[in-house]
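Grab a pencil and work through these short exercises one at a time. Try each task yourself before you read its solution.

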Amino acid sequence: MSLSSAINTAQTIFNNTAAQTALVSKNIANVSNADYSRRMAMLGSTGNGAQIVSIQRAQNDALMRQHSISISQSSAQDALLTGLETVKAALGGNSYETSPSKYLKAFRDSLQTFASTPGNTAIAATTVSSASDLAKSLNKTSTSVQDVRHEADKEIDASVKKLNGLLADFETANDAVKGATASGVDASDALDQRDKLLRQISDIVGISTVTRANNDTVIFTSEGTVLFENSPRAVTFQPTAAFNATTNGNAIYVDGVPLKAGSGADTSGAGKLAGLLQMRDELAPKFQSQLDEIARGLVTLFQENTTPATTAKPGLFTWSGTTVLSSPPAIPGMAASLAINPLAAGNPALVRDGGFNGPTYKSNTSGGSGYTALLDKFLTSLSTDMTFDPATDLDGSSSILDFSASSIGWLEGLRSGASTANDNKTAMLSRTQDALSNVTGVSLDEELSQLLDLEQSYKASAKLVSTVDAMMAALLQAVG
């Protein structure tokens, strides 16, 4: 080897070592960056010796797809569970202490006490107070359910706006990837940014992707609707200002196609939007219908329809309407308007005697303070089967006590199932994240080991240069 060849070889090694060291340093600097994929310098033989011919980015398309799916499934499940937990908290938490079912049982107990001492005015007042607490519990719970729907609607609006922003950013990143690929330059940074955006998009809506020529990526929703192809598709949503039991929330449209909600406690939805839609449009309205049926049952069971009266009218329990709905379904929102007859506060004995709607509706015609027939009738009716709307997903024939308890059981069953599914999907997300990180993430130990190897290469090159320098000096001395 000539001295000039030796110098050229040393120079090539220095250049390679410098480029590799810079790459390793960049990897180390991003060791904690979950959105960074490890870079690797690929050496190849050229006419000038070994040189860096390309920079490769660690990736695994199959794991990337599975990771996006896990993000979407976990996000939808979390959105659903959060809504159910909010409803549970509004009902008193783990024991559902402020649920209508608890207050209905307390009211039943007050009625029993009143029936045993019908002449006691203090106990009569307590019974009216218990009835008022029951009505207020249905009012408050109904309001809480609609608040959950409204919060879900607002979160949908915010998420749709965020999604549109992410899609606009994705267009920029995708163009950068295509441009770098077409020109043959390193596209690693642009690919990192694009993959980061895909993960953020999959948190909001379930997606699948197809990669075309020049690394161009097309995004579809999990239902097959195009979300991005060369440019973002419009995702539109009109928020609702306020919610009540008769309000229907607006749909989310992706390029004019409505997005589907999830179903089941272990939701089939993918992405936060699917979970929010399920809570707003399916589960919360279903629970509201159960509350409305409890309210209808109370109005029906405590109606006044006593001879010589001919028309049944609400008695102790009233609502915004003036009728008694003896058969399902209840009018949506009935629970929100349930109240105690205002006459009960001034004359609680009316619960014992009847007559909220005038003398013709009075049961205790003799006026005796020991009269218990009406109270006994009420107590019996609370435990007697009546007809409920089967669309509530509860037993269509049961007592009102059992129906209200089943309503809480239905809610807790959903919440428990959603919680278990959330734990499973969170664990799956963690595993896919770890698997992807093992392939694409930076290992500090490996990078430091590579730095040591590069240091040895540098030392060898420096030794070669030193040797050539000594030989050149000796040659010049000999010539001189």
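**Exercise 1.** Which residues does phenylalanine 317 touch, not counting residues up to four places away in sequence?

*Solution.* Before you start, know that this is a predicted model, where local features need pLDDT of at least 70 and side-chain atom pairs count only at pLDDT 80 or more, while totals for chains, interfaces and linings use all residues. Residues are numbered from 1 along each chain as its sequence is written, and side-chain values use heavy atoms, with hydrogens and water left out.

Step 1: take contact to mean heavy atoms within 4.5 Å. Step 2: go through the partners of phenylalanine 317, which are Phe107, Ala131, Leu134, Leu298, Val299, Phe302, Leu338, Ala339 and Ile340.

**Exercise 2.** Find the largest nonpolar core and say which helix gives the most to this core.

*Solution.* Step 1: look for buried Ala, Val, Leu, Ile, Met, Phe, Trp, Tyr and Cys residues joined through side-chain atoms within 4.5 Å. Buried means under 20% relative accessible area, exposed over 50%, and partly exposed in between (1.4 Å probe, protein chains only).

Step 2: the largest such core has 62 residues, and Phe107, Leu298 and Phe317 are among those with the most contacts inside it. Step 3: several helices each supply at least two residues, including helix 3 (100–116), helix 4 (121–183) and helix 11 (400–440). Helices (H or I, at least four residues) and strands (E, at least two) are DSSP runs, numbered from the N terminus. Step 4: helix 6 comes out on top, with 10 residues. Apart from this core lies another one, of 28 residues, with Met64 and Leu276 among them.

**Exercise 3.** Check the length of helix 2, then look at its two ends.

*Solution.* Step 1: the expected span is 1.5 Å times one less than the number of residues. Step 2: for the 30 residues of helix 2 that gives 44 Å, and the end C-alpha atoms are 44 Å apart, so the two agree. Step 3: at the N-terminal end, asparagine 60 is the cap, with a side-chain oxygen 3.2 Å from the backbone nitrogen of alanine 62. Step 4: just after helix 2, glycine 92 has a positive phi of about 105°.

**Exercise 4.** Where is asparagine 214, and is it buried or partly exposed?

*Solution.* Step 1: recall that most residues other than glycine have a negative phi. Step 2: asparagine 214 is not a glycine, yet its phi is positive, about 60°. Step 3: the loop between strand 3 (207–211) and strand 4 (217–221) holds asparagine 214. Step 4: its relative accessible area is 41%, so asparagine 214 is partly exposed.

Technical notes
A polar contact is a pair of N or O atoms within 3.5 Å; within protein, one must be able to donate a hydrogen and the other to accept it, and residues adjacent in sequence count only if both atoms are side-chain atoms.
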